[in-house]
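Reader: Could you take me through the salt bridges in this one, up close? I'd like to see how they sit in the surrounding fold, so wander outward from there as you see fit.

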Amino acid sequence: MLCALVVVVCLDVAARSLKLFATPWAPDVSEYLLYAITFLGAPWVLREDGHIAIEIFVERLGARARRVVRTAADALGAAVCAVLLYYACRALWRSYAAHNLVYETFVFPEWYLYSLAPPVFLLLLLLFLRRFRRTA
């Protein structure tokens with residue numbers, strides 16, 4: 001997807017600069033690709049423990065206190081993901097039930113965009129719970 005995004009942006013810039021052809025769809029496609037890359041990458045980054053962490057405070061704690069802070073952070077992350085999962089499912093259902101459409105370059109049901117969030121938040125919730133169980 002990242003390679004496709006690079007190709008779309010380069011094609012759009014080249015086509016506009018050289019006045020070859022119009023690419024009115026490029027900003028929309030770029031927007032949706034960025035959305036998908038962000039959502040699909042988040043669980044992998046969490047699993048690999050690759051999120052940015054400022055540990056200047058945590059490093060100065062003792063081993064027991066450090067474990068408590070990490071456990072609390074995982075519990076908080078799980079709680080936030082559970083809330084986001086609930087609201088993502090709610091938004092998806094409401095959009096599906098209302099038959100809302102997105103009218104941009106492409107016309108499609110709005111719930112297509114919302115369908116990515118619930119499984120990703122569920123995965124994140126499960127990963128945080130696994131981390132919580134491991135550190136607790």
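Author: Taking a salt bridge as a side-chain nitrogen of Lys or Arg within 4 Å of a carboxyl oxygen of Asp or Glu, the count here comes to four. Bear in mind that this is a predicted model, where local features need pLDDT of at least 70, side-chain atom pairs count only at pLDDT 80 or more, and totals for chains, interfaces and linings use all residues. Residues are numbered from 1 along each chain as its sequence is written, and side-chain values use heavy atoms, with hydrogens and water left out.

Let's begin with Asp12 and Arg16, whose side chains meet in a salt bridge at 2.5 Å, N to O. Both belong to helix H1 (residues 2-17), and because they are four residues apart there, about one helical turn separates them. (Helices, H or I with at least four residues, and strands, E with at least two, are DSSP runs numbered from the N terminus.) The two partners sit in contrasting surroundings: Asp12 counts as buried at 9% relative accessibility, while Arg16 is exposed at 56%. Buried here means under 20% relative accessible area, exposed means over 50%, and partly exposed is in between, with a 1.4 Å probe and protein chains only.

Now for the part I'd zoom in on: Asp49, Asp74 and Arg131 are linked in a network of salt bridges. One link in that network pairs the side chains of Asp49 and Arg131, at 3.1 Å from N to O. Asp49 lies in the loop between helix H2 (26-47) and helix H3 (63-98) and Arg131 in helix H5 (residues 117-135), so this pair ties together parts that are 82 residues apart in sequence. Arg131 also forms a salt bridge with Asp74, and the closest N and O atoms are again 3.1 Å apart. With Arg131 in helix H5 and Asp74 in helix H3, that pair ties together parts that are 57 residues apart in sequence. Asp74 is buried, at a relative accessible area of 4%, whereas Asp49 is exposed at 56%.

Asp49 has a backbone quirk too. Its phi is positive, about 60 degrees, although it is not a glycine. Most residues other than glycine have a negative phi. His99 does something similar, with a positive phi of about 55 degrees and again no glycine there. You'll find His99 just after H3, in the loop between H3 and strand S1 (101-103), and at 64% relative accessibility it counts as exposed.

That brings us to the two helices that hold the network's Asp74 and Arg131. H3 has 36 residues that should span 52 Å at 1.5 Å a residue, and its end C-alpha atoms are indeed 52 Å apart; the expected span is 1.5 Å times one less than the number of residues. Its buried residues are Thr71, Asp74, Gly77, Ala78, Cys81, Leu85, Ala88 and Ser95. What covers them includes helix H4 (111-114) and H5. H5, for its part, has 19 residues and reaches 27 Å from first C-alpha to last, close to the 27 Å expected. Arg131 is one of its buried residues, and the others are Ala117, Pro118, Val120, Phe121, Leu124, Leu125, Leu127 and Phe128. The cover over that set includes H2, H3 and H4.

Two members of the network turn up again at the largest pocket, which holds about 530 Å³ of space. Of the 17 residues that line it, the closest to its centre are Asp49, Ala53, Glu55, Ala73 and Arg131. H3 and H5 are the elements that give two or more residues to that lining. As for how it was found: on a 1 Å grid over the protein atoms alone, a pocket is an open set of points where a 1.4 Å probe fits, with protein on both sides within 12 Å along at least five of seven lines, and lining residues have an atom within 4 Å of a point. Grid points are joined across faces, edges and corners, and the volume is the space filled by probe spheres set on the points.

One last stop, back at the N-terminal end of the numbering. Ser30, in helix H2, is buried with a relative accessible area of 11%. Leaving aside residues up to four places away in sequence, Ser30 touches Leu5, Val8 and Val9, where contact means heavy atoms within 4.5 Å.
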